[in-house]
Amino acid sequence: MPLEFTAIYASLLALLMIVLSTRVSVMRAKTDIPILHGDNIALAERIRQHANFTENVPMALILMGIVELSGADALWLNAIGATLLFSRIIHPFGVNADNNYRVARGMGALLTTVSVLISVVFILLNAF
């Protein structure tokens, strides 16, 4: 059974990951800072935006794939995938030193957790 829904959301999230990592690479080239952030706050923000994505998205997609393999219908899968995608789009806007958009960070983190919890609940309910 192919993972059609997970594949679609994973592909969209991969595009977002490319954007986030490219932003780090471009700033590294502009600032000539090859490693760490060299006390450049803007570079540190971009590094954390990308790092937070890579810290959270893989497990969420693994769980989503398990949900899909368990036979979940489109409603469950779109709830998980759309929530995760939206959360990951808004989260980087809130990762900045001046905290102007901290609501975006909080909502992004909360909705990422919600998408993971939807998967966990589905898996546990169907395990017994």
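**Exercise 1. The environment of S115**

Task: Determine whether S115 is buried or exposed in this predicted model, and state which backbone atom lies 2.8 Å from a polar atom of its side chain.

Solution.
Step 1. Locate the residue: S115 belongs to helix α4, and that helix covers residues 102-127.
Step 2. Apply the accessibility cut-off. Buried means under 20% relative accessible area. S115 has 2% relative accessibility and therefore counts as buried.
Step 3. Identify the partner of the side chain. The backbone oxygen of T112 lies 2.8 Å from a polar atom of the S115 side chain.
Result: S115 is a buried residue of helix α4, with a side-chain polar atom 2.8 Å from the backbone oxygen of T112.

**Exercise 2. A buried acidic residue**

Task: Establish which side chain of opposite charge is nearest to E68, and which backbone nitrogen lies 2.9 Å from a polar atom of the E68 side chain.

Solution.
Step 1. Place E68 in the fold: it lies in helix α2, residues 41-69.
Step 2. Search for a charged partner. The nearest side chain of opposite charge is that of R88, at a distance of 18 Å.
Step 3. Compare this with the cut-off. A salt bridge requires a side-chain nitrogen of Lys or Arg within 4 Å of a carboxyl oxygen of Asp or Glu. E68 has no salt bridge, although it is buried.
Step 4. Turn to the backbone. The nitrogen of F5 lies 2.9 Å from a polar atom of the E68 side chain.
Result: E68 is buried without a salt bridge, and its side chain has a polar atom 2.9 Å from the backbone nitrogen of F5.

**Exercise 3. Salt bridges**

Task: State how many salt bridges the model contains, and which side chains meet in a salt bridge at 3.2 Å.

Solution.
Step 1. Count: the total comes to one salt bridge.
Step 2. Name the pair. The side chains of E55 and R48 meet at 3.2 Å, N to O.
Step 3. Assess the accessibility of the basic partner. R48 has 37% relative accessibility and so counts as partly exposed.
Result: one salt bridge is counted; the side chains of E55 and R48 form a salt bridge.

**Exercise 4. Helix architecture and packing**

Task: Give the secondary-structure content of the chain and decide whether α3 and α4 are roughly parallel or roughly antiparallel; decide likewise for α2 and α4.

Solution.
Step 1. Describe the chain. It has four helices and zero strands, in the order α-α-α-α from the N terminus. Of its 128 residues, 34% are buried. The C-alpha trace spans about 55 × 30 × 20 Å along its principal axes.
Step 2. Examine α3 and α4. The axes of α3 (residues 74-94) and α4 (residues 102-127) come within 7 Å and cross at roughly 155°. Angles over 145 degrees count as roughly antiparallel, and α3 and α4 are therefore roughly antiparallel to each other.
Step 3. Examine α2 and α4. Their axes are 9 Å apart, and the helices pack at an angle of about 30°. Angles under 35 degrees count as roughly parallel, so α2 and α4 are roughly parallel to each other.
Step 4. Assign handedness. α3 passes α4 in a left-handed crossing, and the crossing of α2 and α4 is left-handed.
Result: α3 and α4 are roughly antiparallel, whereas α2 and α4 are roughly parallel.

**Exercise 5. Positive phi in a loop**

Task: State where D32 lies, where D39 lies, and what the phi value is for D32 and for D39.

Solution.
Step 1. Locate the residues. D32 lies in the loop between α1 (4-31) and α2; the place of D39 is also in the loop between α1 and α2.
Step 2. Read the backbone angles. Phi of D32 is near 55°, a positive value in a residue other than glycine. D39, likewise not a glycine, has a positive phi of about 60°.
Step 3. Check accessibility against the cut-off of over 50% for exposed residues. D32 is exposed, with a relative accessible area of 67%, and D39 is exposed at 69%.
Result: D32 has a positive phi and is exposed; D39 has a positive phi and is exposed.

**Exercise 6. An exposed aromatic residue**

Task: Decide whether F93 is buried or exposed, and state what distance separates its C-alpha atom from that of Q49.

Solution.
Step 1. Locate F93: it lies in helix α3.
Step 2. Classify it. F93 has a relative accessible area of 54% and is exposed.
Step 3. Relate chain separation to distance. F93 and Q49 are 44 residues apart along the chain, and their C-alpha atoms are separated by 8.4 Å.
Result: F93 is exposed, with its C-alpha atom 8.4 Å from that of Q49.

Technical notes:
Residues numbered from 1 in each chain as written. Predicted model: local features only at pLDDT ≥ 70, side-chain atom pairs only at ≥ 80, totals over all residues. Heavy atoms only, no water. Helix = DSSP H or I, 4+ residues; strand = E, 2+ residues; numbered from the N terminus. Buried < 20%, exposed > 50% of the residue type's maximum accessible area, 1.4 Å probe, protein only. Lys, Arg positive; Asp, Glu negative; His and termini not counted. Polar contact = N/O pair within 3.5 Å; in protein donor to acceptor, adjacent residues only side chain to side chain. Axes fitted to C-alpha atoms, helices over the stretch in contact; angles between N-to-C directions. Parallel < 35°, antiparallel > 145°, perpendicular 65-115°, else oblique. Left-handed = near helix turned anticlockwise from the far one by under 90°.
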